Amino acid sequence: MTNYRPLKIATRIVEPKDLVQREETVKAFYDAIGDDYHALHEGRFCDEILEYFIFYFLPKPSIKVLDLGGGVGRFAIPLAASGYDVTIYDISERMLAAAQKIANEQKVRLEYQKGSVVNLDAIASDSFDSAICINSVLNYCEDHVRAIAEVNRILKPNGTFIGSVNNLFAYAASQEMKEGNLETFVESMETGNRHIQWGDIAHGHVTHDFTREELSSALYTAGFRNLSVLGIFNLLGKYFNSEDVLKKINKERFFQLQLEFARKTQYINNSDDFFFVCNK
Ligand SMILES: C[S@@+](CC[C@H](N)C(=O)[O-])C[C@H]1O[C@@H](n2cnc3c(N)ncnc32)[C@H](O)[C@@H]1O
């Protein structure tokens, strides 16, 4: 059962200084929250849905998977436990240290590498069968176009790239608009850039959220093909956490229904996040 309670997000207009050193502020945020991230997110139903989708779409083990912005190993650990050969790659030392601690406790073997998705120089071209990039990592990258081109470079021919990103309209409408900040909402919708601050955590940072068109165009431009963009959270919403309902539903049946509705073109934009699958 989930103990997860979403932290309130506060937004404000993005100032020019927020865009300078954007990567450093994201890193500072995750270094500050690294020790607590697992406890704050444990039991999120949305991560169970993501895990179902990842296992459904990822080619079967044993293959080499690079988990980009893999955080505390929420997906890397179950993948490695199921026979995948997983490297977890993240910009934050503290998130990687937390991943290592959890993986060691669960006796799961992962490879660890620190760095930014925007620059995968330390990773050889054509070296991974698949890459995953889950829960807004591409939104937080300073240059998502370059990051996606880097992912394309390090994948083997026909390699699979799976990710999930924030849907701009869904986030700006549920955050800026619901805070009553109409001009911040307008600005966010025009630029895609948003400044977010979680709960009472001191560091805020910029996120660049996508329309479905912007996401698709960035993936095609980098050379990906066979692209599917799915509305992964269009049934209950990403942050749904009613214990009464989650206790009642048959999860396997729900996951099948979510997979079915995530593919329905007319409802994809109703999802908080877009989930994508494509090939090099
Ligand atoms: C919302 S967390 C998601 C973590 C994990 N993918 C998950 O779903 O549980 C975002 C993660 O991306 C990492 N991150 C942010 N920007 C990054 C970048 N440019 N390169 C690599 N990692 C980055 C953060 O340190 C953090 O661990």
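Helices here are DSSP runs of at least four residues, numbered from the N terminus. The structure is a predicted model.

**Overall form**

The protein chain contains 12 helices and 10 strands. Its C-alpha atoms fill a box of roughly 50 × 45 × 40 Å along the principal axes. A compact globule of 280 residues would have a radius of gyration near 19 Å, and the 18 Å of the protein chain agrees with that.

**Surroundings of the ligand**

The shell around the ligand includes at least two residues from α2 and at least two from α6 (137-140). Helix α2 gives the most, with three residues. Among the 20 residues around the ligand, those that come nearest are Y30, G69, G71, R74 and N135.

**Helix α2 against helix α5**

Helix α2 also packs against another helix. The axes of α2 (residues 22-41) and α5 (residues 93-105) come within 7 Å and cross at roughly 20 degrees. Angles under 35 degrees count as roughly parallel, and α2 and α5 are therefore roughly parallel to each other. The crossing of α2 past α5 is right-handed.

On the α2 side, the contact is made by Y30, D31, G34, D35, Y37 and H38. These meet E93, R94, M95, A97, A98 and I102 in α5. Y30 thus belongs to the contact with α5 and is also one of the residues nearest the ligand.

The table gives the residue classes of the helix contact and of the ligand shell.

| Residue set | Nonpolar | Polar | Charged |
|---|---|---|---|
| Contact of α2 with α5 | six residues | two residues | four residues |
| Shell around the ligand | 10 residues | seven residues | three residues |

Note on methods. Residues are numbered from 1 along each chain as its sequence is written. This is a predicted model: local features need pLDDT of at least 70, side-chain atom pairs count only at pLDDT 80 or more; totals for chains, interfaces and linings use all residues. Axes are lines fitted to C-alpha atoms, for helices over the stretch in contact, and angles run from 0 to 180 degrees between N-to-C directions. Angles under 35 degrees count as roughly parallel, over 145 as roughly antiparallel, 65 to 115 as roughly perpendicular and the rest as oblique. A crossing is left-handed if the near helix is turned anticlockwise from the far one by less than a right angle, and right-handed if clockwise. Two residues are in contact if their C-beta atoms, placed from the backbone, lie within 7 Å. Ala, Val, Leu, Ile, Met, Phe, Trp, Tyr, Cys and Pro count as nonpolar, Asp, Glu, Lys and Arg as charged, and the others, Gly among them, as polar. A residue is near a molecule or strand if its C-beta atom, placed from the backbone, lies within 6 Å of it. The radius of gyration is taken over C-alpha atoms; the globule rule is 2.2 Å times the number of residues to the power 0.38.
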